[in-house]
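Please read this briefing with the sequence and the structure side by side. The points are grouped by topic, and each term is explained where it comes up.

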Amino acid sequence: MPAFRADLYGEKRHDYALVIPVINEGQRIRDQLRRVLAASLPVDVIVTDGGSTDGSLTPDFVASVGVRAVLTKTGSGRLSAQLRVAYAWCLQQGYAGIVTIDGNGKDNVEAVSHFVAKLHDGYDYVQGSRYRRGGAAINTPLERTIGNRLIHAPVMSLASRHWLTDTTNGYRGYSRRFLLDPRVAPFRDIFINYELLFYLTVRAGQLRYRICEIPVRRCYPVGEATPTKIRGFSAKFAIIKQLAEAATGRFNPFSPL
């Protein structure tokens, strides 16, 4: 596991955790955490920080919005490393399942309750989809829509043997038993960038876990830069490479399906 520091601001109160990965999200994460608090969601909020330097996660603010813990990754790696830290910590804390939402404020936090309900009903992988009936894709850049609908989702669906419509969406939920299955083995240092998200999608279907999609709303801002860490040709090419590796079994542990 990557090295990290855990700063605790409260006790465990719920059976499910909401994991929010961030790095220098500024006012967006502050507004999002305020919305999470106002929604009175049935989760403990865990922020997993990749090393923010913008002052957005000061202890007094974090404590005021009901965050239970901030896990600050001090070791190497990017998003997948942050998620490995948070998922391992949450499982050690005894949570029955984990919901993940991006920390850039694009998603409707109210849907967290729907994710928790599905996990409680016995689903092991719950994918949020802006394209399902009842969902909304607002101001989505055209290249994102094309890449997701025509490339990413079809490839992930074929590899996982389960049709999904919004596989680039990081708004999703996992059961405890799925993450602890040795045939999944998500806590390996092979997962550094975005690979873990893609791999878990594929592996859940391959192992015949209970999967469902639920409608969510994802809204991109108008008149300002797209809130994303994927910029430039090299970053987009890296995503395609990680997609191909996940789809072809590159990350599967050495165990039979």
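What follows goes from the whole chain to one helix, then to salt bridges and a surface patch.

This is a predicted model, in which local features need pLDDT of at least 70 and side-chain atom pairs count only at pLDDT 80 or more, while totals for chains, interfaces and linings use all residues. Residues are numbered from 1 along each chain as its sequence is written, and side-chain values use heavy atoms, with hydrogens and water left out.

**The whole chain**

- The chain has eight helices and 10 strands, where helices (H or I, at least four residues) and strands (E, at least two) are DSSP runs numbered from the N terminus.
- The radius of gyration is 17 Å, which agrees with the value near 18 Å for a compact globule of 257 residues; this radius is taken over C-alpha atoms, and the globule rule is 2.2 Å times the number of residues to the power 0.38.
- Of the 257 residues, 52% are buried, a word that means under 20% relative accessible area, with exposed standing for over 50% and partly exposed for the range in between (1.4 Å probe, protein chains only).

**Helix α7**

- Helix α7 covers residues 195-206 and reaches 16 Å from its first C-alpha to its last, close to the 16 Å expected at 1.5 Å a residue, the expected span being 1.5 Å times one less than the number of residues.
- Because 12 of the 12 residues of α7 are buried, this helix is largely enclosed by the rest of the structure.
- Just after α7, arginine 208 takes a positive phi of about 60 degrees.

**Salt bridges**

- There are 10 salt bridges, each being a side-chain nitrogen of Lys or Arg within 4 Å of a carboxyl oxygen of Asp or Glu.
- Arginine 130 and aspartate 166 meet in a salt bridge with an N to O distance of 2.9 Å. Arginine 130 lies in the loop between β6 and β7, and aspartate 166 in the loop between α5 and β8, so the pair ties together parts that are 36 residues apart in sequence.
- Glutamate 245 and lysine 241 form a salt bridge at 2.8 Å, and both lie in helix α8, four residues apart, which is about one turn of the helix.

**A surface patch**

- Leu142, Ile146, Leu150 and Ile151 make a nonpolar surface patch of about 420 Å²; patches are made of residues with over 30% relative accessible area and no salt bridge, like charges being joined within 9 Å and nonpolar side chains (Val, Leu, Ile, Met, Phe, Trp, Tyr) within 5 Å.
- Leucine 142 belongs to helix α5 and is exposed, with a relative accessible area of 64%.

Methods: Accessible areas come from the Shrake-Rupley method with a 1.4 Å probe; for residues, only the protein chains shown count as cover.
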